[in-house]
Amino acid sequence: MNVRVRSILLGVGLGIAPILLLDLARTLRDSHDTDPTATSFWWVLACYVITGAISALGLMLAARDRLLAAVALAVLVFGVTPWTPVSGLAQLGNLPLLPLGSGGLDAIGIGFALIGAYAYVLVRGNRA
């Protein structure tokens with residue numbers, strides 16, 4: 001497979017995976033709050049741990065490949081900004097890219113932290 005195609009596909013995957021896992025964690029947390037016997041809170045924590053592991057792997061790979069960092073950064077920006085409680089950004093939720101739920105404040109915080117981390121890796125490259 002071409003190196004650029006691999007970088008783009010991996011960047012899309014590393015950008016979408018944390019968003020989907022954070023949305024799953026929110027859904028599981030809401031389910032646990034509604035009915036504690038429906039699911040265990042450990043699954044919510046597992047989603048956060050897996051999100052951290054995927055993000056660490058993505059940042060490690062992005063330090064060597066700036067195209068991967070740029071694609072993951074773009075996917076995260078388009079995936080996280082519709083969740084922000086700002087009136088001007090609410091229309092971005094209609095994009096067909098990631099029709100997710102409202103997220104939570106923790107998902108917004110983690111998403112913007114990842115955006116900052118990928119932006120830093122994109123600027124610094126191998127020296128990050």
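I'll start with helix H3, where Leu68, Ala69, Val71, Ala72, Leu73, Val75, Leu76, Gly79 and Val80 are buried. This is a predicted model, so please take everything I say as computed from it. An α-helix has 3.6 residues a turn, so residues three or four places apart point the same way. Keep that in mind when you look at the list for H3.

The length of H3 is unremarkable. Its 15 residues reach 21 Å from the first C-alpha to the last, close to the 21 Å expected at 1.5 Å a residue. At the start of H3, a side-chain oxygen of Asp65 comes to within 3.3 Å of the backbone nitrogen of Leu67.

Now the wider setting. The protein chain has 4 helices and 0 strands, and from the N terminus on its elements run α-α-α-α. Of its 128 residues, 35% are buried. Among contacts in the chain with a separation of 6 or more, 72% are between residues 24 or more positions apart.

Next, what does H3 pack against? Two packed helices are described by the angle between their axes and the distance between the axes. For helix H1, residues 3-34, and helix H3, residues 66-80, the axes come within 8 Å and cross at roughly 35°. The crossing of H1 past H3 is right-handed. On the H1 side, the contact is made by Arg4, Ser7, Ile8, Leu10, Gly11, Val12, Leu14, Gly15, Ile16 and Ile19. On the H3 side, it is made by Leu67, Leu68, Val71, Ala72, Val75, Leu76, Gly79 and Val80. Sorted by type, the residues of this contact are 13 nonpolar, 4 polar and 1 charged.

On to helix H2, residues 41-64. With 24 residues at 1.5 Å each, H2 should span 34 Å, and its end C-alpha atoms are 36 Å apart, which agrees. At the start of H2, a side-chain oxygen of Ser40 reaches to within 3.2 Å of the backbone nitrogen of Trp42. The buried residues in H2 are Val44, Cys47, Thr51, Ser55, Gly58, Ala62 and Ala63.

I'll go through three positions in H2, beginning with Phe41, which lies in that helix. Is Phe41 buried, partly exposed or exposed? Its relative accessible area is 35%, and because buried means under 20% and exposed over 50%, Phe41 is partly exposed. Leaving aside neighbours within four places in sequence, Phe41 is in contact with Arg29 and His32. Phe41 and Arg29 are 12 residues apart in sequence, with 6.9 Å between their C-alpha atoms.

Thr51 is also placed in H2. With a relative accessible area of 4%, Thr51 is buried. Not counting residues up to four places away in sequence, Thr51 touches Pro18, Leu21 and Leu22.

The third position is Ala62, again in H2. Ala62 has 0% relative accessibility and therefore counts as buried. Which residues does Ala62 contact, leaving aside its neighbours within four places in sequence? They are Leu68, Ala69, Tyr118 and Val121. Leu68 and Ala69 are on the list I opened with, among the buried residues of H3. Further along the chain, Gly125 is 63 residues from Ala62, yet their C-alpha atoms are separated by 7.7 Å.

To recap the helix pair: H1 and H3 cross at roughly 35°, with axes that come within 8 Å, and 13 of the residues in their contact are nonpolar. That's what I have.

Notes: Residues numbered from 1 in each chain as written. Predicted model: local features only at pLDDT ≥ 70, side-chain atom pairs only at ≥ 80, totals over all residues. Heavy atoms only, no water. Axes fitted to C-alpha atoms, helices over the stretch in contact; angles between N-to-C directions. Helix = DSSP H or I, 4+ residues; strand = E, 2+ residues; numbered from the N terminus. Left-handed = near helix turned anticlockwise from the far one by under 90°. Contact = heavy atoms within 4.5 Å. Nonpolar A, V, L, I, M, F, W, Y, C, P; charged D, E, K, R; others polar. Expected span 1.5 Å × (residues − 1). Buried < 20%, exposed > 50% of the residue type's maximum accessible area, 1.4 Å probe, protein only. Polar contact = N/O pair within 3.5 Å; in protein donor to acceptor, adjacent residues only side chain to side chain.
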